Amino acid sequence: MSFLGGFLVGGATGYAQARHAYETNNVGRKYLSPSDAVKRKIDYAIVRFAKGGFGVGFKCALISGSIVFLATHITAYRDKFASWYFPAISASVGGVFTFPIGLLGSMKAVGLGVTSGLTLSAVVHLYAMAIDKPVNDAYRLFKRDYEKELKSASEWDSRVSELMEREQITWRQQAVKKLKQQDHEKMAIFDD
């Protein structure tokens with residue numbers, strides 16, 4: 001999601017800059033026809049949109065991915081979730097990635113990291129308050145439920161793969177439909 005958001009924002013700003021650059025650099029240039037001029041302008045805009053979008057998208061994905069990676073691994077290493085993880089990690093990652101733009105830019109990134117990290121911590125606290133548990137216990141409960149869902153999805157995928165292999169089914173969706181039908185028939189037998 002962060003890549004997609006960064007791609008759209010970076011592409012939009014790249015498109016605006018591309019339009020200005022194209023108009024500046026192509027004054028007096030002759031084209032085969034008016035439609036050729038429009039096609040070249042659109043092609044240039046698309047290329048600049050994609051170039052700006054991919055650059056900003058990768059940066060956004062790298063930053064948010066490193067924040068999630070560090071927060072989850074510190075939590076797993078310490079076997080405890082703390083509210084200060086998100087603000088501290090967000091601020092430090094933002095400061096590190098923006099270090100090349102200068103001290104003022106780094107300070108702005110640290111401030112943005114702290115505020116966004118505090119917002120994420122507030123969401124975690126609200127979740128813990130909603131289920132009436134301490135933050136660490138709420139994290140453990142969320143983690144346990146998520147791991148159950150992953151295990152269930154993994155078991156379902158292995159059952160579908162076994163059915164596809166056993167009955168030589170090529171389309172996965174067809175195997176899913178057949179497996180659901182078999183499960184429904186088994187449940188109908190037990191209900192009777």
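Where is D79 found? D79 sits in the loop between α2 and α3. Before going further, note that this is a predicted model, where local features need pLDDT of at least 70 and side-chain atom pairs count only at pLDDT 80 or more, while totals for chains, interfaces and linings use all residues. Residues are numbered from 1 along each chain as its sequence is written, and side-chain values use heavy atoms, with hydrogens and water left out.

**Two loop residues**

Back to D79: it has a positive phi of about 55° although it is not a glycine. Its relative accessibility is 46%, so it counts as partly exposed (buried means under 20% relative accessible area, exposed over 50%, partly exposed in between, with a 1.4 Å probe and protein chains only). Q168 also has a positive phi of about 55° without being a glycine. You'll find Q168 in the loop between α5 (135-166) and α6 (172-191), and at 65% relative accessibility Q168 counts as exposed. Helices here are DSSP runs (H or I, at least four residues; strands are E, at least two), numbered from the N terminus.

**Helix α1 and its partner**

Helix α1 covers residues 2-25. With 24 residues, α1 reaches 33 Å from its first C-alpha to its last, close to the 34 Å expected at 1.5 Å a residue (the expected span is 1.5 Å times one less than the number of residues). Buried in α1 are G6, F7, G10, G11, G14, A18 and Y22, and what covers them includes α2 (contact means heavy atoms within 4.5 Å).

The axes of α1 and helix α2 (residues 34-78) come within 6 Å and cross at roughly 145°. Those axes are lines fitted to C-alpha atoms, for helices over the stretch in contact, and angles run from 0 to 180 degrees between N-to-C directions. The residues of the contact of α1 with α2 divide into 18 nonpolar, 10 polar and 4 charged; Ala, Val, Leu, Ile, Met, Phe, Trp, Tyr, Cys and Pro count as nonpolar, Asp, Glu, Lys and Arg as charged, and the others, Gly among them, as polar.

R19 is also in α1, where R19 is partly exposed with a relative accessible area of 46%. The C-alpha atoms of R19 and S154 are 49 Å apart, with their positions 135 residues apart along the chain.

**Helix α3 and two serines**

Helix α3 (residues 85-97) has 13 residues and reaches 18 Å from first C-alpha to last, close to the 18 Å expected at 1.5 Å a residue. Its buried residues are Y85, F86, P87, I89, S90, A91, V93, G94 and G95. What covers the buried residues of α3 includes α2 and α4 (103-130).

Here are two buried serines, with contacts that leave out residues up to four places away in sequence.

| Residue | Helix | Relative accessibility | Touches |
|---|---|---|---|
| S66 | α2 | 18% | V93 and F97 |
| S106 | α4 | 5% | G95, T98 and F99 |

**What the record adds**

UniProt (unreviewed entry) places the feature "transmembrane region" at residues 56-77, 84-103 and 109-130; such annotations may be inferred rather than shown by experiment. In the model, residues 84-103 are 70% helix and 0% strand, with end C-alpha atoms 24 Å apart. Residues 109-130 are 100% helix and 0% strand, and their end C-alpha atoms lie 31 Å apart.
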